[in-house]
Amino acid sequence: MAIQDGGLSLTQQRQRAAFWFLAPMLAALFFVAAWPLMRTIWFSLTDTTLSDLYGGEFIGFDNYLSVRVLESGRWIWRGTLVDPAWWNAVWNTVRFAFISVFFETILGLIVALVLNAEFRGRGFVRAAILIPWAIPTIVSARMWSWMLNDQFGIINDILLGLGLIDQKIAWTASTETAMTAVLIVDIWKTTPFMALLILAGLQMVPRDIYEAAKLDGVNPVKVFFKITLPLIRPALAVAIIFRMLDALRIFDLVYVLTPNSAATKTMSVISRENMIDFDKFAYGAAQSTLLFAIIAIFVSLYIWLGKVDLSGEGQK
Amino acid sequence: MTAQKLLSTVGFYTLVVVIVVFSIFPFYYAIVTSFSTGTELFQVNYWPNSFSLANYEAVLGGRNFVRSIWNSVFIATLTVGFALFLAVTASYALARVRFRGRGLLLMMILAVSMFPQIAVLAGLFELVRFLGIFNTPWAMILSYTIFTLPFTVWVLTTFMRDLPVEIEEAAIVDGATPWIIITKVFMPLLWPALVTTGLLAFIGAWNEFLFALTFTSSETTRTVPVAIALLSGASQQEIPWGPIMAASVIVTVPLIILVLIFQRKIVAGLTAGGVKG
């Protein structure tokens, strides 16, 4: 490039402009993300309480794990890592994340395949599946808790009518069914999102591949597993990781649909409860730091093992 | 052959009907419930058999719910405006200028959008208290930036990457600075993308619950999701299902209308980014 301006080449000039364009955004992100995250981690190493945010003292890793040896020789372990309530929440979260994402992927794939076919009323179906996605989570939680109501709920009515159950189920209150209730609502709400992401992948597959397969008389099921699935694998991988991350941090649905139920309490719910409701601010901060660590490890592993190109840079 | 074809067509349309019914039924049922009152609420009705506006009057008559709607509109609008303002210039730099560490920066921005919000809750709580904005809309406007900003930057970057390079080259030859290129050349082309991203960010801010629940302490500062989540009756046992459904319908209908109007653009916005396999 021959254009020179004040001794700076065009490239340098553009890079300088880029810096000033990026600076405000990076400053904002530092302010609302990096700084609060560092403070959370710091709080987790102190004994800070909600009422006295600045009165905490550094106590090392005691919120995570500490041991005290009594005179009798007994060892007393304390901290989140030996807290059964925390491990219960970890188990709930992991179980929820895997089951919900599994069903959302399968159902999303089915819905996407339907939407990828050409038929009359396709636009209407696509509009219809956007509705669960558009409804705020809190609203869907309340709508479903009404539908799942033990006495007056329509779900029990339908199931009784079909003869599938012989007595009314307290879906959200009973410990056996609370997780199922949460899963039903989450799958209902997020399958559309999954379907749309997969559909975008499906539409990238050239139509003539299908036509060639059809001419060769290949079985449609075989076409799906041998052609479609490998081709949409990148789209599927990205969709699954986005959903997984969302599922691992779930808070609102559980908080509203099954309040105070140990059967569904997730890591986010238990951290906030300790932090805000139980005045164990630092203890809750330690739990949320652990959740952050778990998610960070999960993302790194997934990107590393799956060779997923999330930045989209590699395609250009 | 034809019998088989007929069977598969019937099977296909059955599947379509099942998908549609599953998607729509819960919202339909909320609408039916919102128009029933008294004892009707306590018998299961599959079809609307009454039309009473009493629940709507109860919800809108209580001053605080209308207040919550205004809070949500105010917070979501400002959050989106703020995010778009910062994102347009930033995504220009990320999409059109080559510099070292660009890929890393993009990954970092994506990482922030995947943050579990609970991980910053303690730190943000301190920040909100420190700035003296606890229990004000500004607490939400500040904290929502953590998910609206990375998202808008990300989507706008993918949109901008696809703009033809010739337009920009022509502008550079004419001596346009990067700022002129953004405001005069790219902005007119970016409007559709801005509308889509803005709408998606708006929905995100409108639906947010964790921060809104934690950073508000009085009924007058609540946002819509918090108001609906905490709507309760005279006693703990008595959940006012009628008014809750009415409130749900009120806040959901505008969203559904917006989503249906912009559905093509929304699908494009949602799938922008990594999904382009």
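This is a short talk on the contact between two chains, the build of chain B, and three single residues.

A word on status before the numbers. What you see is a predicted model. Keep that in mind throughout.

Let's start with the interface. How many residues does each chain bring to the contact? Chain A gives 92 residues, and chain B gives 102 residues. Now the area. The size of an interface is often given as the accessible area lost when the parts come together. Here, chain A and chain B bury about 8800 Å² between them. Carbon and sulfur atoms supply 77% of that area. On the chain A side, three residues lose the most area to chain B: Phe21(A), Arg142(A) and Trp146(A). Together they make up 10% of what that side buries.

Next, the polar side of the contact. Between chain A and chain B there are two salt bridges. One of them joins the side chains of Arg39(A) and Glu126(B), with N to O at 2.7 Å. Polar contacts come to 14 residue pairs between the two chains, with both partners at pLDDT 80 or more.

Which element of chain A gives the largest share of its side? That is helix α1 of chain A, residues 10-44, with 21 residues. And the make-up of that side of chain A? Sorted by type, the residues that touch chain B are 69 nonpolar, 12 polar and 11 charged.

On to chain B by itself. Chain B has 12 helices and zero strands. Along the sequence, the pattern is α-α-α-α-α-α-α-α-α-α-α-α. Now its dimensions. The radius of gyration of chain B is 23 Å. For a compact globule of 277 residues, the value would be near 19 Å. Along the principal axes, the C-alpha atoms of chain B fill a box of roughly 75 × 75 × 30 Å. Of the 277 residues in chain B, 54% are buried. Look at contacts in chain B with a separation of 6 or more: 72% of them link residues 24 or more positions apart.

Now three residues to click on. The first stop is Ile295(A), in helix α11 of chain A, residues 281-306. Is Ile295(A) buried or exposed? Its relative accessibility is 4%, so Ile295(A) counts as buried. What does Ile295(A) touch, leaving out residues up to four places away in sequence? The partners are Leu245(A), Leu248(A), Arg249(A) and, from the other chain, Pro116(B). Take Leu245(A): it sits 50 residues from Ile295(A) along the chain, yet their C-alpha atoms are separated by 7.0 Å.

The other two stops concern backbone angles. Most residues other than glycine have a negative phi. Asp279(A) is not a glycine, and its phi is positive, about 55°. Where is Asp279(A)? Look in the loop between α10 (267-277) and α11 of chain A. Asp279(A) counts as partly exposed, because its relative accessibility is 35%.

Then chain B. Asn135(B) is also not a glycine, and has a positive phi of about 65°. Find Asn135(B) in the loop between α5 (118-131) and α6 (137-161) of chain B. Why does Asn135(B) count as buried? Its relative accessible area is 18%, and the cut-off for buried is under 20%.

To wrap up, three items to keep. The interface buries about 8800 Å². Chain B has helices and zero strands. Asp279(A) has a positive phi, and so does Asn135(B).

How values were computed: Residues are numbered from 1 along each chain as its sequence is written. Chains are lettered from A and ligands numbered from 1 in the order in which they are written. This is a predicted model: local features need pLDDT of at least 70, side-chain atom pairs count only at pLDDT 80 or more; totals for chains, interfaces and linings use all residues. Side-chain values use heavy atoms; hydrogens and water are left out. Contact means heavy atoms within 4.5 Å. Buried area is the accessible area (1.4 Å probe) that two parts lose on being put together, summed over both. A salt bridge is a side-chain nitrogen of Lys or Arg within 4 Å of a carboxyl oxygen of Asp or Glu. A polar contact is a pair of N or O atoms within 3.5 Å; within protein, one must be able to donate a hydrogen and the other to accept it, and residues adjacent in sequence count only if both atoms are side-chain atoms. Helices (H or I, at least four residues) and strands (E, at least two) are DSSP runs, numbered from the N terminus. Ala, Val, Leu, Ile, Met, Phe, Trp, Tyr, Cys and Pro count as nonpolar, Asp, Glu, Lys and Arg as charged, and the others, Gly among them, as polar. The radius of gyration is taken over C-alpha atoms; the globule rule is 2.2 Å times the number of residues to the power 0.38. Buried means under 20% relative accessible area, exposed over 50%, partly exposed in between (1.4 Å probe, protein chains only).
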